[in-house]
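Let's take a walk through a protein model together. Have the structure open while you read, and look up each part as it comes along.

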Amino acid sequence: MALFKKKIFCRLCKSKDLVSSYTLEDTPIEDDYTKKKNTKILIPTEIKSCKMCGFKQLSVTVNEKKVYGDFLYATGTSYKLKEHFRNHYKKINKFTKNLKKEDLIVDFGSSDGTNLEIFKKKGYKNLVGIEPSKRLSKITKKKKIDVITDFFSNKVAKKIKKKYGTAKIVCIYNLLANIDDLDSFFKNLKIFTNKNTTIFFENFSLLGVIKENLFDSVYHEHLSYFHIKPLQGFLKKYGWNIKYAGHNKVKGGSLELILGKDVFGIDKKSITNSLKVEKKYKLMEHTIFNKIIKKNKIIKIKLNKILKKFEDKRIVGYGASCGSTVFLYNYGLTKKFKFLLDDEKRRNNLYSPGANIKVFNPTIKIMSKIDIILIISWRYGKIIYKKYQERFVKKIKNKILWLQVLPKIKIIK
């Protein structure tokens with residue numbers, strides 16, 4: 001199977017009338033960090049907008065087995081995500097009628113089982129995750145939580161129905177944007193859901209990308225860029241009503257939906273307010289990325305001028321993730337760093353995709369070799385700098401200059 005293929009029709013309405021809306025630099029598969037230096041194929045990174053329904057999606061889809069074969073990211077390693085899932089648990093209890101300890105709860109893209117573990121600790125017994133990564137599934141199984149190590153399919157849906165029954169709760173967190181064939185996904189979902197099932201959905205949003213300049217969320221794992229209006233018609237086709245809608249700050253900006261088969265208990269105010277916000281930011285338009293395109297061109301020029309002044313200094317980047325790969329390629333930084341730092345041990349001593357920048361764990365010995373740190377994982381800049389102050393500032397002799405790039409270039413003190 002080819003590494004990637006063009007997507008010639010809208011994932012939601014099937015229209016072929018697509019127009020280019022945002023073209024970024026070509027990148028390798030963004031999370032493909034390797035033990036040895038690598039030679040990676042660069043893949044087009046372009047968002048197209050549907051003229052029929054306004055939906056935004058990548059122009060290509062990458063072979064899912066290549067993207068998720070040895071997936072490094074684990075939910076439990078993400079700052080504040082555990083806390084967010086605990087808050088989601090409270091919302092699930094609020095919006096679900098008569099939730100019992102034996103009711104089936106299914107978690108799509110269950111990762112290391114962080115979300116399901118919350119339910120387990122609360123006494124829920126019928127839990128199952130769906131996770132294609134063998135490594136992440138192993139972590140979940142060690143927590144004594146059932147997990148199906150596979151991509152979701154008709155076969156998997158039938159297995160869930162036969163072995164576990166009908167789901168009362170379905171969690172789809174940060175996964176739907178990764179699915180190419182959404183029609184098959186929702187057809188298969190019918191097999192183990194019914195009128196009493198509630199779906200809790202959350203995904204990084206198109207609004208977040210536009211509002212917060214989350215251009216580094218545009219990568220090949222993320223095929224779709226959701227907003228409410230195009231989704232409404234698509235979900236209706238499969239009998240799902242939006243009962244609640246909201247926008248939050250998770251992952252820089254996420255869309256949160258609660259779906260049900262019935263029309264009772266619909267929070268019309270939340271849906272109306274969310275649609276108003278999306279209309280304000282003109283998410284249906286094809287030119288919505290123009291402002292951040294212009295903004296990032298200016299930042300790129302300014303940043304590279306600053307770094308040129310420090311060519312004789314030891315410059316490193318802080319952050320090694322999918323977003324880091326996008327950041328490096330689009331700001332022209334693939335040859336600027338001595339190495340990268342990251343707190344996630346699974347990424348330590350690996351080489352970054354394409355650029356082959358080695359990733360190290362921040363230690364006293366490593367930090368003593370640095371003159372300048374540029375924070376790539378910019379949304380966690382304050383947390384990263386605080387950890388540095390607590391762990392290293394009194395233990396190393398050299399004074400490190402810290403640079404934050406987004407939301408604007410500045411020196412952190």
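Which residues does Asn 348 touch, not counting residues up to four places away in sequence? Keep in mind that this is a predicted model. The residues in question are Asp 342, Val 359, Phe 360 and Asn 361. To find Asn 348 itself, look in the loop between strand S15 (340–341) and strand S16 (359–360). Is Asn 348 buried or exposed? Its relative accessibility is 11%, and buried means under 20%, so Asn 348 counts as buried.

Now for some strands. Strands of a sheet pair through backbone hydrogen bonds, and they can do so either parallel or antiparallel. This model has examples of both kinds, so here is a small table of three pairings.

| Strands | Direction | Bridges | One pair of partners |
|---|---|---|---|
| S3 (residues 43–50) and S4 (residues 56–58) | antiparallel | three | Ile 47 and Leu 58 |
| S6 (residues 104–108) and S9 (residues 167–173) | parallel | five | Ile 105 and Ile 169 |
| S6 (residues 104–108) and S7 (residues 127–130) | parallel | four | Val 106 and Val 128 |

How does the chain get from S6 to S7? It crosses through helix H3 (residues 114–121), and this β-α-β crossover is right-handed.

S6 deserves another look. Five of its five residues are buried, so to speak a strand that is mostly covered. In a regular strand, the side chains alternate between the two faces of the sheet. On one side of S6 you'll find Leu 104, Val 106 and Phe 108, and on the other Ile 105 and Asp 107. Both faces are covered, and these residues are all buried.

The S3 and S4 pair from the table belongs to an open sheet of four strands, in the order S2-S3-S4-S11, with antiparallel pairing. At its edges sit S2 (18–27) and S11 (224–225), each of which pairs on one side only.

Finally, some helices. Two packed helices are described by the angle between their axes and the distance between the axes. Take helix H6 (residues 182–189) and helix H8 (residues 228–237): they pack at an angle of about 45 degrees, and their axes are 10 Å apart. That angle is why H6 and H8 count as oblique to each other. Their crossing is right-handed. On the H6 side, the contact is made by Leu 182, Asp 183 and Phe 186, while H8 brings in Phe 234, Leu 235 and Lys 237.

Conventions:
Residues are numbered from 1 along each chain as its sequence is written. This is a predicted model: local features need pLDDT of at least 70, side-chain atom pairs count only at pLDDT 80 or more; totals for chains, interfaces and linings use all residues. Side-chain values use heavy atoms; hydrogens and water are left out. Two strands pair if DSSP finds at least two bridges between them. Helices (H or I, at least four residues) and strands (E, at least two) are DSSP runs, numbered from the N terminus. Buried means under 20% relative accessible area, exposed over 50%, partly exposed in between (1.4 Å probe, protein chains only). Contact means heavy atoms within 4.5 Å. A crossover is right-handed if, with the strands pointing away from the viewer, the path from the first strand over the helix to the second runs clockwise. Axes are lines fitted to C-alpha atoms, for helices over the stretch in contact, and angles run from 0 to 180 degrees between N-to-C directions. Angles under 35 degrees count as roughly parallel, over 145 as roughly antiparallel, 65 to 115 as roughly perpendicular and the rest as oblique. A crossing is left-handed if the near helix is turned anticlockwise from the far one by less than a right angle, and right-handed if clockwise.
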